[in-house]
Amino acid sequence: MTLRNVLLEQLAAIYDENNWFVCFNLAVKDLTEYQANEKPDDGQSNSIFELVSHLYFYNYRYLCRFCGEEIPDYPRYYDTFQNHDGLTWEQTVKNYQECMIKFRRQLRMCSDEKLEKWAETISHLLIHNAYHIGQIVHIRKQFGTWTSSPVVRG
């Protein structure tokens, strides 16, 4: 298996194909904006909406970097979990999905040299996604909004 194939499989696993764990698309399926904004009572946990905002923020920035595009600087303590643009839940999910589709396309098209240079960074980014997707599923279970029982490898 090539490096490209490994990264594409990792991207599929976190985005749209259940494998060893639940993918993003299933993790957020059928959530209302109200449900996505619910927070556990511990005072420290983020809502699902905040987690998706955070994931979109980082995935989009790394996609831009990967494509050689300029990205704006933010203050060091910029809260990436906040919905700074006032987007709806549906738009935030759509933005994340479009970002992952573009990332997949870029990974398929880029040179082997570029892929080799970026492989570690992309792998860590995808692991970061998997971590937060697990949190999304956990929050849904806490609030009783998890009704899916996907078959996953393990």
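## Helix 1 and its cover

Contact here means heavy atoms within 4.5 Å. In this predicted model, contact in that sense defines what covers the buried residues of helix 1, and the covering elements include helix 2 (24-27), helix 5 (89-109) and helix 6. The buried residues themselves are Arg 4, Leu 7, Leu 8, Leu 11, Ala 12, Ala 13, Ile 14 and Tyr 15. An α-helix has 3.6 residues a turn, so residues three or four places apart point the same way.

The length of helix 1 can be checked against expectation. Its 13 residues, at 1.5 Å a residue, should span 18 Å, because the expected span is 1.5 Å times one less than the number of residues. The end C-alpha atoms of helix 1 are 18 Å apart, in agreement with that value.

## Gln 10 and its partners

Gln 10 belongs to helix 1. With a relative accessible area of 29%, Gln 10 is partly exposed, because that class lies between the limits of 20% and 50%.

Leaving out residues up to four places away in sequence, Gln 10 touches Ser 123 and Leu 126. A further pairing concerns Ile 127, which is 117 residues from Gln 10 along the chain. The C-alpha atoms of Gln 10 and Ile 127 are separated by 8.4 Å.

## The second largest pocket

The second largest pocket holds about 180 Å³ of space. Twelve residues line this pocket, and Glu 9, Gln 10, Ala 13, Ile 14 and Phe 21 are the closest to its centre. Helix 1 (3-15) and helix 6 (112-143) are the elements that give two or more residues to the lining.

Helix 1 gives the most to the lining of the second largest pocket, with five residues. Classified by type, this lining comprises eight nonpolar, two polar and two charged residues. Of the residues closest to the pocket centre, Ala 13 and Ile 14 also appear among the buried residues of helix 1, whereas Gln 10 is partly exposed.

## The largest pocket

The largest pocket has a volume of about 300 Å³. Its lining consists of 16 residues, and those nearest the centre are Tyr 56, Phe 57, Tyr 74, Tyr 78 and Asp 85.

Helix 4 (residues 48-66) gives the most to the lining of the largest pocket, contributing five residues. By class, the lining divides into eight nonpolar, six polar and two charged residues.

## Cysteines

The structure holds zero disulfides. Cys 64 is in no disulfide, and the nearest cysteine sulfur, in Cys 67, lies 7.0 Å away. A disulfide requires the two sulfur atoms to be within 2.5 Å, so the sulfur of Cys 67, at 7.0 Å from that of Cys 64, is too far for a bond.

The two cysteines fall into separate accessibility classes. Cys 64 is buried, with a relative accessible area of 3%, while Cys 67 counts as partly exposed at 28%.

## Thr 145

Thr 145 lies in the segment after helix 6. Its relative accessibility is 12%, and Thr 145 therefore counts as buried, since the limit for that class is under 20%.

Leaving aside neighbours within four places in sequence, Thr 145 is in contact with Leu 31, Gln 35 and Arg 140.

Definitions and conventions:
Residues numbered from 1 in each chain as written. Predicted model: local features only at pLDDT ≥ 70, side-chain atom pairs only at ≥ 80, totals over all residues. Heavy atoms only, no water. 1 Å grid on protein atoms, 1.4 Å probe; cavity = no way out; pocket = protein on both sides within 12 Å on 5 of 7 lines; lining within 4 Å. Points joined across faces, edges and corners; volume = space filled by probe spheres on them. Helix = DSSP H or I, 4+ residues; strand = E, 2+ residues; numbered from the N terminus. Nonpolar A, V, L, I, M, F, W, Y, C, P; charged D, E, K, R; others polar. Buried < 20%, exposed > 50% of the residue type's maximum accessible area, 1.4 Å probe, protein only.
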